[in-house]
Amino acid sequence: MLRLKNIVKEYVVGDEKVPALKGVSLEFRENEFVSILGPSGCGKTTLLNIIGGLDKYTSGDLIINGISTKLYKDRNWDSYRNHSIGFVFQSYNLIPHQTVLANVELALTLSGVSRRERRKRAVEALEKVGLKDQIRKKPNQLSGGQMQRVAIARALVNDPDILLADEPTGALDTATSAQIMDILSEIAEDKLVIMVTHNPELAQIYSTRIIKLLDGEIQSDSMPVTPEEIKADEEKAEAFEKMTKQERKAMMPPKTSMSLATALTLSLNNLMTKKARTLLTAFAGSIGIIGIALILSLSNGVQQYIDRVQEDTLSSYPITIERSTIDMTSFMSSMAKNANNVEEHTDNRIYTNRIMTGFMELMVNEVTTNNLADFKKYIEANRARFEELTTDIHYGYSTRMNIYKADIENGIYQVNPGQVFSMMGMRGSSSRMSFVNSEVWQRLINNDKLLEQQYSVVYGRMPQAYNEVVLIVSGNNEVTDYTLYSLGVLDSTELGETLGKMIRGEDAEWPEPKSYSYDELCGLKFKLMLNSDYYAKENGVWVDKSQDEIYMMNALDKAETISIVGILKSESEAAQNGLAGTIGYRTDLMEHLIDAVNNSEIVREQKANPDVDIFTGISFEPEETEALTWEKLNAYIASLPEEEKLRTEASIQQMRDYGMTDDKILEAFSSMFEPQKTEATYEDNLRKMGVSDPDDPSTINLYPKDFEAKDAIAELIDEYNRDKEEDEKITYTDLVGLIMSSVSTIINAISYILIAFVAISLVVSSIMIGIITYISVLERTKEIGILRAIGASKKDISRVFNAETLIVGFTAGLLGIVITFLLLIPINIIIKHFTDIGGLAVLPYIAGGILILISMLLTFIAGLFPSRIAAKKDPVVALRTE
């Protein structure tokens, strides 16, 4: 039962209170057709709105099934309207941009009914009112009677207890009005129908009860509820009062909530009715996104280009730590300090400026020795940390790689170390021409991915074994003539003769440039000669045979063969500056060389006899001998052959004849009895044979991935040095870091500044979208009232308009990203034309997605204020809006 107890409703107009209802008390049965009659302004609609929960009473109480609504909160009223009340309005109040089916389904979406169940119940409700075949149409495609039937179907779809009809036939003709009243009469058989009307004839024909209202007071009631009926409901009210808080809460109507999908559907359908405005709004919002996306594309592309240059550069110029090194940072600082330290002289004398001696003193003072064996252990112990920061870690050794031309038909030709200048008759000139890289044989970086980035195989293949090498040519398929002379492809002697003629002023011409097929160069073969292979054992000692041509030819014939198996082309600027024009060999070639040297016969013999010089048979440190006496000398003379004995005795007599004393004579013979000495040392001999300890490198090269990684490697070195004594710390010079260390920072700073400027336009466009959303709120005010009438909460209304801003923000963001990708095509063409750098501007997909999310976030924030205004709108006022 529905009961109104002394309901008072007052409206505040300025400083006055205008009463609309003056202590109205009514009771309604669970199923009856009640008509409320009265002139305009008597309070009929106000009474209907209070019963329907659209308007709040000033005082009194509205009791629903024994439960006082004084305890109701907003969410309870929303649920009450959704589950217990169905509204039928004079002006139909259908949402114009929704289909007939969607209008009817709307109340069910707030109840949490599944999509399949919603459709089934909506179709059944429309079938009851005779509109099953009209479900796909929009309201503007229906007649007035049909629209009112849709409104009735919407009111009935959630199976409410009460149907409230406000002038349901006011806008219909007589015949259609009769049809609508027949439907309402049928509904009243099992539900409470309360109708407000100006038409007493219709009320008399169809109503089971008529209530007349005048100036906010009940004038008459044709069939009031009896005290016995009221008593049963009062007993329910008393029982409710005795319930606990939890029990009362359970009796309250269930909570309603609009899903985000419903909100998005409502907003999308509304936006689709204004396609042009929506598209223009989205385009305006996309301008800021386009600006930021273009800046990010250029910034990202430039950063990737810098990263590639860094990676390529650092692959050619690693952090090098040598066994003996000069701290160039400290050296340059000391040089600058000395240059500024000027002493003034006042007397008339000339003084020496210590340039050479000062320089040499600094050189000596700044030379430090690094314990690379210990540092190698540190690297291996932290291998994972170093590998994360580097593209390669290389240990260099002092073992010399002796490479000879395999073809010795025209004589022996050493390829590495290079002999070009000596073959030209310019011995010692290589140091004066240090601008020429005399080391044609260079190690390939031990990183397949980086090699693939920097080089492409134009012929043959990559080396797969230690005895395979590749020839590296420049980007335009060139190698220097110096490389060809070094490899013996061109004749160095002929070059030397030409140079000699020119120096003497004779007529001569430089050799003409030549070209070679891939087969010609890829087929070249060489011989690897170990340092230990230069020596042969003769008469118990090892003899250097490097100048013995027959021996060398036999040794080269037995030596291992090194073959060029491929030709690589440099694909990056750093690669061309690094290994272009060289022979690239694998890291394991040096490892094999060290292992072969260390296991050679001569090295094994020297290590087995560490006290004896195997090249002379003399001990490195001979034992001390006793002083020579006449007894020892006489004994020695007696042991000699007779002829030599007589000759020695004659020499002694001659010395005496010249006046030499016996002590002087003994001193003269002492050198004959001293042991033989050698200037060599054990360590010198091992170095001479090319012996290296794999655990004690002479250099360590660390190839950082980028400059940030280089800084991180420096931190790891600092970590190693932290607990070391000053003379045990690792020192190195990082010259490459001075070249490009701040480039990334500058690019990022410029990007941030540009983004900040462009972001202003993004904020402005977001504010504009907020204004457009506010206009949409004004345009959809009636829709807000309809949604509130069927049970939508304030949060649901906010959600509808927030969904609209999200759709606009998503469209703006997506449009901005699509336009950006289209603009990048001509931008990259222009950049390629002027800089020869292709595909520089690249927008990462993740960045594009983030920008779309930022667009949605900004428009969502901009729409919060309009959505709050929409949520606060009075549903009664909103329903009156046209």
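**Group meeting talk: helix H14, salt bridges and surface patches**

Okay, let's start in the middle of things. The buried residues of helix H14 pack against strand S11 (319–322), helix H15 (383–389), strand S14 (390–396), strand S25 (699–704) and helix H29 (707–721). Before I go on, keep in mind that this is a predicted model.

So which residues of H14 are the buried ones? H14 runs over residues 372–381, and its buried residues are Leu 372, Ala 373, Phe 375, Lys 376, Tyr 378 and Ile 379. Yes, there's a lysine in that list, Lys 376.

Now let's zoom out. The protein chain has 882 residues, and 46% of them are buried. You'll find 35 helices and 25 strands in it. Take the contacts with a separation of 6 or more: 79% of them are between residues 24 or more positions apart. As for the outside, the accessible surface of the chain is about 46,800 Å², and carbon and sulfur atoms own 53% of that.

On to charges. How many salt bridges does the structure hold? There are 29. I'll walk you through a few.

One of them joins Glu 32 and Arg 209, with the closest N and O atoms 3.0 Å apart. This pair ties together distant parts of the chain, 177 residues apart: Glu 32 sits in strand S3 (residues 32–37) and Arg 209 in strand S9 (residues 209–214). Are these two buried or exposed? Glu 32 counts as buried because its relative accessible area is 4%, and the cut-off for buried is under 20%. Arg 209 is buried too, at 1%. They also have company: Arg 29, Glu 32, Arg 209 and Asp 221 are linked in a network of salt bridges.

Next, Asp 392 and Arg 443, where the closest N and O atoms are 3.0 Å apart. Again the pair links distant parts of the chain, with Asp 392 in strand S14 and Arg 443 in strand S17 (residues 441–443), 51 residues apart. Both Asp 392 and Arg 443 are buried. And remember S14? That strand is one of the partners of H14 from the start of my talk.

My last bridge is a local one. Asp 796 and Arg 799 have their closest N and O atoms 2.9 Å apart. Both lie in helix H33 (residues 794–835), 3 residues apart, which is about one turn of the helix. Why does that spacing work for neighbours on a helix? An α-helix has 3.6 residues a turn, so residues three or four places apart point the same way. Asp 796 is buried at 1% relative accessibility, while Arg 799 is partly exposed at 26%.

Let's stay with H33 for a moment and look at the surface. Phe 810, Leu 814, Val 818, Leu 822, Ile 825 and Ile 829 form a nonpolar surface patch, and together they have about 560 Å² of accessible area. Ile 825, for example, lies in H33, and it counts as exposed because its relative accessibility is 52%.

There's a charged patch as well. Asp 182, Glu 186, Glu 189 and Asp 190 make up a negative surface patch. Where is Glu 189, exactly? It's in the loop between helix H6 (174–187) and strand S8 (192–197). With a relative accessible area of 60%, Glu 189 is exposed.

That's my tour, thanks for listening!

How values were computed. Residues are numbered from 1 along each chain as its sequence is written. This is a predicted model: local features need pLDDT of at least 70, side-chain atom pairs count only at pLDDT 80 or more; totals for chains, interfaces and linings use all residues. Side-chain values use heavy atoms; hydrogens and water are left out. Patches are made of residues with over 30% relative accessible area and no salt bridge: like charges are joined within 9 Å, nonpolar side chains (Val, Leu, Ile, Met, Phe, Trp, Tyr) within 5 Å. Accessible areas come from the Shrake-Rupley method with a 1.4 Å probe; for residues, only the protein chains shown count as cover. A salt bridge is a side-chain nitrogen of Lys or Arg within 4 Å of a carboxyl oxygen of Asp or Glu. Lys and Arg count as positive and Asp and Glu as negative; His and the chain ends are not counted. The place of a charge is taken as NZ of Lys, CZ of Arg, CG of Asp or CD of Glu. Helices (H or I, at least four residues) and strands (E, at least two) are DSSP runs, numbered from the N terminus. Buried means under 20% relative accessible area, exposed over 50%, partly exposed in between (1.4 Å probe, protein chains only). Contact means heavy atoms within 4.5 Å.
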